[in-house]
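Here are my notes for you as you go through this one. Keep the 3D view open while you read, and pick out the residues as they come up.

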Amino acid sequence: MISSRLLQIAMMIERKKVVFDVGSDHALLPSFLVQNGICDKVYAGEIAEGPLNHAKENIEKWGLEGKVIPVFSDGLAKAADDVDIVVIAGMGYHTIRHILENCEVERYLYFLVQSNTDVDLLRQYISDHMYTIEDEKVVYDGFYYQIIRFSADLHDPYSDLEIRYGPILLKRRDEVFLAFLEDQLERLKAVNMQARKPEYAEKIKELENLLYN
Ligand code: SAM
């Protein structure tokens with residue numbers, strides 16, 4: 001079984017589209033998508049030989065040859081023309097940014113991105129390019145992970161608050177998102193007890209406002 005994080009990403013993928021999973025070390029997500037009839041064809045892209053070999057071993061072990069296709073590629077450099085949806089997950093913001101800067105975002109239906117770091121900077125990047133955030137989810141899988149679906153459709157820049165917390169998450173205020181905010185608040189209060197700083201106090205106030213007002 002795949003992790004709750006990858007499962008949440010799988011649930012955000014439209015059926016029967018062609019997906020390219022960037023950084024697919026064990027081809028777990030592509031295999032899950034094909035095995036569960038969500039997709040007929042998924043590319044598992046990897047920049048490193050070792051992880052690509054692990055992906056190939058799993059594809060063979062699970063009999064998914066021709067349906068899950070391993071590709072040796074830096075980001076989307078070697079992506080075929082039939083790709084509809086791109087997944088970039090489990091990496092840091094700077095790697096994700098490198099991948100986005102070196103592809104034609106307009107070519108794809110949408111991207112699902114899950115950054116392990118600096119999610120606010122990722123939203124800022126999306127906003128600066130006037131892309132549209134179409135959906136967002138928070139999932140708890142040992143840590144809280146944020147998954148963003150965005151497309152190249154034109155959108156006005158997002159506000160600072162939306163960049164920090166997510167425009168869709170703020171609107172929807174679902175249970176996991178509120179638990180994530182509470183977790184952030186508790187952590188920040190603990191840090192502020194150790195070393196008081198005005199920026200911590202400000203952020204604590206902002207989180208309390210979002211949670212309780
Ligand atoms: N996407 C999977 C997930 O979310 O569980 C695997 C994440 S794993 C931590 C990151 C993988 O991305 C590594 O196998 C690494 O080799 C690969 N990677 C890093 N930069 C890449 C790039 N520019 N293009 C393709 N793959 C990349």
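**Ligand and pockets**

1. Let's start with who surrounds the ligand. By class, its shell holds eight nonpolar, five polar and four charged residues. Bear in mind that this is a predicted model.

2. Which residues come nearest to the ligand? Out of the 17 around it, they are R5, G23, E46, D74 and G75. Try colouring those five in your viewer.

3. Now for some polar contacts. The side chain of D74 has an N or O atom 2.8 Å from a nitrogen atom of the ligand. G75 also has a ligand nitrogen at 2.8 Å, but there the partner is a polar backbone atom. A89 uses a polar backbone atom too, with a ligand nitrogen 3.0 Å away.

4. How much of the ligand's accessible area does the protein cover? On its own the ligand has 600 Å² of it, and the protein covers 78% of that. Two or more residues of the shell come from each of α1, β4 and α4 (93–101). The biggest giver is β4, with three residues.

5. Next, have a look at the largest pocket, which has about 560 Å³ of space in it. It is lined by 20 residues, and V119, Y144, Q146, F180 and Q184 are the closest to its centre.

6. Which elements build that lining? Those giving two or more residues to the largest pocket are α5 (119–128), β7 (144–151), α6 (160–165) and α8 (175–194). The largest share is from α8, which puts in four residues. Sorted by class, the lining of the largest pocket has seven nonpolar, six polar and seven charged residues.

7. Then there's the second largest pocket, with a volume of about 170 Å³. Its lining has 14 residues, and nearest its centre you'll find R5, L6, G23, D25 and A89. You've met some of these names already: R5 and G23 are listed among the residues that come nearest the ligand, and A89 has that backbone contact at 3.0 Å.

8. Where does the lining of the second largest pocket come from? At least two residues each are supplied by α1 (4–11), α2 (28–35) and β4 (85–91). Both α1 and β4 also turned up in the ligand's shell. By class, this lining divides into seven nonpolar, four polar and three charged residues.

Conventions
Residues numbered from 1 in each chain as written. Predicted model: local features only at pLDDT ≥ 70, side-chain atom pairs only at ≥ 80, totals over all residues. Heavy atoms only, no water. 1 Å grid on protein atoms, 1.4 Å probe; cavity = no way out; pocket = protein on both sides within 12 Å on 5 of 7 lines; lining within 4 Å. Points joined across faces, edges and corners; volume = space filled by probe spheres on them. Nonpolar A, V, L, I, M, F, W, Y, C, P; charged D, E, K, R; others polar. Near = heavy atom within 4 Å. Polar contact = N/O pair within 3.5 Å; in protein donor to acceptor, adjacent residues only side chain to side chain. Areas by Shrake-Rupley, 256 points an atom, 1.4 Å probe, with all protein chains shown as cover.
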